[in-house]
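Here's a quick tour of a protein model, written for someone who likes to know the cut-offs. Have a look at the sequence and the fold, then read on.

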Amino acid sequence: TDVAPKCSEPFAAGSVAMTGTEAISNGGPAFKKPESHNAATTLTVMSSILAFFFVGITFLADQYHIAPIETETVISEVARAVMGSGIFYGIFQVATMLILVLAANTSFSGFPRLAYVLARDGFMPHQFTFRGDRLAFSNGIIYLGILAAALIVLFGASTHALIPLYAVGVFISFTLSQAGMVRHWLKSREAGWRKSIFFNATGALLTAFVLVVVGSVKFFLGAWMVILLVPILVAGFNIIHRHYRDVAEQLAITPADTALGKPIKQVALVPIHSINKASLRGLAYARTISKNPVVIHLMHDLEEGEEFQEQWKRWANGTELVILESPYRAFMEPFLAYLDALQKNDPDSYITIILAESLPAVWWQHLLHNQTALRLKAALLFRRNTA
């Protein structure tokens, strides 16, 4: 009765050695033309090297009766048994470390490109299509770096805890990609499809078998998180795709949209608290984009309001002045209520709000001023037909 657990545990752990080959398929567009041929050649060479080393290490470990221990890897044990503990063993360990560094870089070249493909097809945010000045997909690299750092902290950098997440995720993708190719050959029936469908179907069955073994053996060690997370991610991808599709449909131009190019009705508003150089410059700017801008002033008490109106007479120059009463010295609520009333009265008009700001000479002096303009910008950010 103990045979199955004893066999399935090392099988589940050892299957991780097969991972890494998915980076070639993800990076197919990066190969020189013909991309598919060069990627297939690279995958064949990589698989052959992997099989050679895997079988060789297994054979040597068996010959030297080496078993895994908590403080040392089997590869290190094999190297010490074959080479001793001298300089060649040290060179071997350094070479192993360099290979692992290169392997860690695989995700940072594979994931950003995969995210780019998904974003290009509308299944991930379009920000992942951005190429930085180093011609790499910068947002994908940054996102993966943050996620990797979070996983290291959450799991205490324990490879035993992290490997189940990795293995299950990879074999899910292996199984789905092979099954997807089976579906592709059934639909296209291109030349040689029978041979191709045999290999892909065999691959789908084998990887599905490994997935079941790894998922069951490592389920309570963290594999359950991936099994739960993958459907959530797929649902999220579909929601993103549906959003982009809906936006494209809503923004598409139809023959009935002949009036889109005609001038629009615009209402320019200039909130002014006190008359000074900044507020008058803002008003002058408003006059360049609208023939009849409207100045908005919030009156806190009657005396202050009368004083402002007296000053305003010198600078009005025919500009309309609207005074909003605010006995509790609130600014946002009365102003937003006024905007609501304007848009309710004329839903098709566009409202432009000109905010005059004075910029302090030194950065820390910003802290000495109230942030009314900043708060107003935040409140107006997602309002319809408002700039």
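Where does H65 lie? H65 is in the loop between α3 and α4. A word on the ground rules before going further: this is a predicted model, where local features need pLDDT of at least 70, side-chain atom pairs count only at pLDDT 80 or more, and totals for chains, interfaces and linings use all residues. Residues are numbered from 1 along each chain as its sequence is written, and side-chain values use heavy atoms, with hydrogens and water left out. Helices (H or I, at least four residues) and strands (E, at least two) are DSSP runs, numbered from the N terminus.

**Backbone oddities**

Back to H65: its phi is near 55 degrees, a positive value in a residue other than glycine. H65 counts as exposed because its relative accessibility is 73%; the scale is buried under 20% relative accessible area, exposed over 50%, and partly exposed in between (1.4 Å probe, protein chains only). Here are the backbone angles side by side.

| Residue or bond | Place | Angle |
|---|---|---|
| H65 | loop between α3 and α4 | phi near 55 degrees |
| G84 | follows α4 | phi near 85 degrees |
| A157 | loop between α6 (138–154) and α7 (159–188) | phi near 60 degrees |
| K33 to P34 | P34 in the loop between α2 (22–26) and α3 | omega near -10 degrees |

The K33 to P34 peptide bond is cis. As for α4 (residues 74–83), its buried residues are S76, E77, V78 and A79, and they pack against α3 (35–63) and α5 (87–120). Helix α5 also holds L114, which is partly exposed because its relative accessible area is 33%. L114 and T129 are 15 residues apart in sequence, with their C-alpha atoms 10.0 Å apart in space.

**How α12 meets α13**

Further along, the axes of α12 (residues 332–345) and α13 come within 11 Å and cross at roughly 40 degrees. Axes here are lines fitted to C-alpha atoms, for helices over the stretch in contact, and angles run from 0 to 180 degrees between N-to-C directions. That makes α12 and α13 oblique to each other; angles under 35 degrees count as roughly parallel, over 145 as roughly antiparallel, 65 to 115 as roughly perpendicular, and the rest as oblique.

Which residues do the touching? M332, F335, L336 and L339 in α12 meet R375, L376, A379 and L380 in α13, where contact means heavy atoms within 4.5 Å. The residues of this contact divide into seven nonpolar, no polar and one charged. Nonpolar covers Ala, Val, Leu, Ile, Met, Phe, Trp, Tyr, Cys and Pro, charged covers Asp, Glu, Lys and Arg, and the others, Gly among them, are polar.

**The core**

The largest nonpolar core has 15 residues, and those with the most contacts inside it are L269, I296, Y338, L339 and I353. Such a core is a set of buried Ala, Val, Leu, Ile, Met, Phe, Trp, Tyr and Cys residues joined through side-chain atoms within 4.5 Å. Elements giving two or more residues to this core are β1 (266–271), β2 (294–299), β3 (320–325), α12, β4 (350–353) and α13. Helix α12 gives the most, with four residues. Leaving aside neighbours within four places in sequence, I353 is in contact with L269, P271, F335, L339, L380, T386 and A387.

Finally, F382 sits in the segment after α13 (372–380) and counts as exposed because its relative accessibility is 77%.
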